[in-house]
Every structure is written in C-alpha cells, then in structure tokens.
Amino acid sequence: MAKRYNLLECSFVDAQEWFKETDTVLVPVGSCEKHGAHVPLGTDSITTISVTERAAKLANVPHTPLLPFGYSPHHMGEVGEGCGTITLAAETFRRVLHDIARSLIFHGANKIVFVSHHGSNTKPIDELLRKLRYQTGAFVAWYKTPTERECEVVKGIIEGPPEETPGWHAGEMETAQVMAYDESLVDMSRAVNDRAHAPRWMGPEFSKIDGTATVKFRGSENIIVPMEHHEYSDHATIGNPFRGTAEKGLKLFDKEAEHLAAFIEEVKKFPFKVENRDFPERA
C-alpha cells in the first residue's frame with residue numbers, strides 16, 4: 001500500500017506510525033479570495049497545497065489537510081464586489097491554527113511548520129507562534145512560499161522584470177501555478193496586465209508599487225495604511241499574467257518544494273522537546 005502523507009487520508013494506525021517516525025508536521029494554510037477574473041478564488045490554496053505535498057514527500061514528513069480559508073478582510077470589497085471571498089477574523093484565524101497545532105502536539109509532534117502562499121496570512125500570527133512555543137515548548141514556524149517581494153528562490157524561473165511585480169496577485173507566478181495545477185481553471189480571455197496604485201483618495205503625493213500594506217510618500221515607504229484591495233488594484237491583478245505557462249508553474253512548484261524540504265531537514269535537527277502536551281481546553 002502506498003504511503004499516505006496527508007493525515008486526512010491516514011487511519012489512526014497510520015498516523016501513529018508517522019508520529020513514531022518523525023516529530024515534524026506541515027500545516028498548509030490557504031485562502032479563498034478574489035483574484036484576477038482569469039484565475040480561481042483558491043489560487044493561493046492551490047500553490048500552498050501543491051508545494052506542501054511535494055515537500056512532504058521529499059522530506060518524508062506528514063502534513064495536515066489544507067485549511068482553505070485565511071485572513072483576507074481586504075479582499076471582501078464592497079457588497080458583491082469580492083464575491084466568493086471568505087475571510088476569518090484575525091482572532092478566529094489564530095484560534096483555529098492554535099487548536100490544530102495543539103492537537104498535533106498532543107499526539108507527539110515537537111515541530112510544526114505552517115505553510116502558506118497567501119501573504120496576508122502572516123499579519124495576525126506573531127502572537128500565535130509565540131503562544132504555542134511558550135505554552136508547550138514546541139518549535140513552530142511560518143513558511144511563506146517564495147512570492148511577492150521575496151522571490152530569490154525562484155528568480156531563475158520567473159521572467160518578468162521587477163516593475164512587472166511577477167510574484168504578486170494573479171500575475172506571472174500565480175497564473176503559471178494555477179495552469180500547472182489544472183489549466184482548465186484558467187481563462188486567459190479575462191486576463192489583464194495591470195499594476196497597483198495608491199488609493200485615489202490619497203492624491204498625487206502618494207504612490208504604491210505592489211500589494212504591501214505600505215504606501216510611498218516623498219520617496220519613503222514607511223507608512224502603513226489599512227487599505228481595501230480594490231482601492232489599490234482595479235482588476236485584482238498586480239502583474240503580467242500573460243507570462244504564465246504550465247511548464248513554468250511546474251518548475252515553480254518543484255523549486256519551492258525543494259527549498260521547503262531542505263528547510264524541514266534542518267528543522268528535524270533542532271533540539272526542541274515539548275514540555276506540555278496536554279490540551280485540556282480542547283472543548
């Protein structure tokens with residue numbers, strides 16, 4: 001019988017064997033949110049699970065099923081605009097991830113790596129990671145797949161210049177990855193080559209180059225402003241989706257998985273031992 005890496009597909013006996021074999025588990029965390037009209041709401045989830053599945057096999061560790069919802073309040077838009085987007089409030093998001101991690105620690109995990117392609121999922125998590133470590137003594141980390149401004153791992157694969165923001169929302173990278181996953185989910189007749197801009201209510205003194213939480217003012221990018229996605233992206237696309245190909249997407253998945261697996265191999269060596277496995281507040 002083939003080895004199952006997704007705990008959702010394992011019996012409890014299979015899971016027991018996993019926890020005897022390793023103390024490290026991956027937890028993929030996606031999102032369901034408005035992207036460009038040419039790609040699905042689950043674009044970030046598709047990359048997250050595709051990279052996680054490959055990395056789990058390379059590093060020989062189990063992973064949980066994908067959590068398909070994340071922290072996406074800025075993608076809700078106005079009524080009907082971000083239709084299909086589902087967001088968890090920051091407190092809910094942290095609590096769900098906390099309970100997943102505590103369940104895994106209860107069963108024997110000493111090291112947990114959350115994996116996500118959705119950049120905004122990182123915004124609420126510092127408190128969560130620290131709380132888990134302080135409560136249990138476990139090693140916990142958040143691995144954000146190479147994208148957005150941190151594309152060093154895949155820079156030999158993506159072709160767009162920096163001004164095309166190739167790693168951003170529904171652009172070159174994400175379009176290629178959805179194509180690699182299932183090309184039938186992509187409708188390039190709806191695609192647009194577009195860029196971010198400062199919210200128009202800000203006026204000419206402000207500018208914005210991508211989807212970060214910051215705006216530029218007099219050459220400095222030191223101001224964080226809570227913005228709705230539709231205020232700085234007219235088509236929910238930041239980048240050039242026309243550079244995307246399925247072949248490129250497969251290369252991206254493999255390269256990102258290789259990097260994640262190499263990180264996991266180092267994590268396995270970390271001398272972390274859980275001090276408190278009990279989870280009495282689980283009800």
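Reader: In this predicted model, what should the 17 residues of helix H2 span at 1.5 Å a residue, and how far apart are its end C-alpha atoms?
Author: Helix H2 covers residues 43-59 in this predicted model. The expected span is 1.5 Å times one less than the number of residues, so the 17 residues of H2 should span 24 Å. The computed separation of the end C-alpha atoms agrees with this expectation, at 24 Å.

Reader: Is H2 mostly covered or mostly uncovered, and which residue just after H2 takes a positive phi?
Author: A residue counts as buried under 20% relative accessible area. H2 is mostly covered, with 13 of its 17 residues buried. Just after H2, a positive phi of about 55° is taken by Asn-60.

Reader: Which strands stand at the edges of the sheet, and why is one side of each left without a neighbour?
Author: The open sheet has 3 strands in the order E1-E2-E3, with parallel pairing. Each edge strand has a single partner strand, so one of its sides has no neighbour in the sheet. The twist from one strand to the next averages 20°. The edge strands are E1 (24-28) and E3 (139-144).

Reader: Which residue in E2 is the bridge partner of Leu-26?
Author: Strand E2 comprises residues 111-116 and pairs with E1 in the parallel sense over 5 bridges. In E2, the bridge partner of Leu-26 is Val-113.

Reader: Which helix lies across E1, E2 and E3, and at what angle does it run to E3?
Author: The helix lying across E1, E2 and E3 is H7, residues 246-267. Its angle to E3 is about 165°.

Reader: Which residues touch the most other members of the largest nonpolar core, and which element gives the most to this core?
Author: The largest nonpolar core has 51 residues, and Ile-112 and Phe-114 touch the most other members. Leaving out residues up to four places away in sequence, Phe-114 touches residues including Val-27, Leu-97, Leu-132 and Trp-142. Another core, of 9 residues, lies apart, with Trp-168 and Tyr-232 among them. The element giving the most to the largest core, with 6 residues, is H7.

Reader: Does Ser-233 count as buried or exposed, and which backbone nitrogen lies 3.2 Å from a polar atom of its side chain?
Author: Ser-233 is found in the loop between helix H6 (229-232) and H7. Its relative accessibility is 3%, so Ser-233 counts as buried. Beyond its neighbours within four places in sequence, Ser-233 is in contact with His-197 and Ile-238. A polar atom of the Ser-233 side chain lies 3.3 Å from the backbone nitrogen of Thr-237, and the backbone nitrogen at 3.2 Å from a polar atom of that side chain belongs to Ala-236.

Note on methods. Residues numbered from 1 in each chain as written. Predicted model: local features only at pLDDT ≥ 70, side-chain atom pairs only at ≥ 80, totals over all residues. Heavy atoms only, no water. Pairing = 2+ DSSP bridges. Helix = DSSP H or I, 4+ residues; strand = E, 2+ residues; numbered from the N terminus. Axes fitted to C-alpha atoms, helices over the stretch in contact; angles between N-to-C directions. Contact = heavy atoms within 4.5 Å. Core = buried A, V, L, I, M, F, W, Y, C linked by side-chain atoms within 4.5 Å. Buried < 20%, exposed > 50% of the residue type's maximum accessible area, 1.4 Å probe, protein only. Polar contact = N/O pair within 3.5 Å; in protein donor to acceptor, adjacent residues only side chain to side chain.
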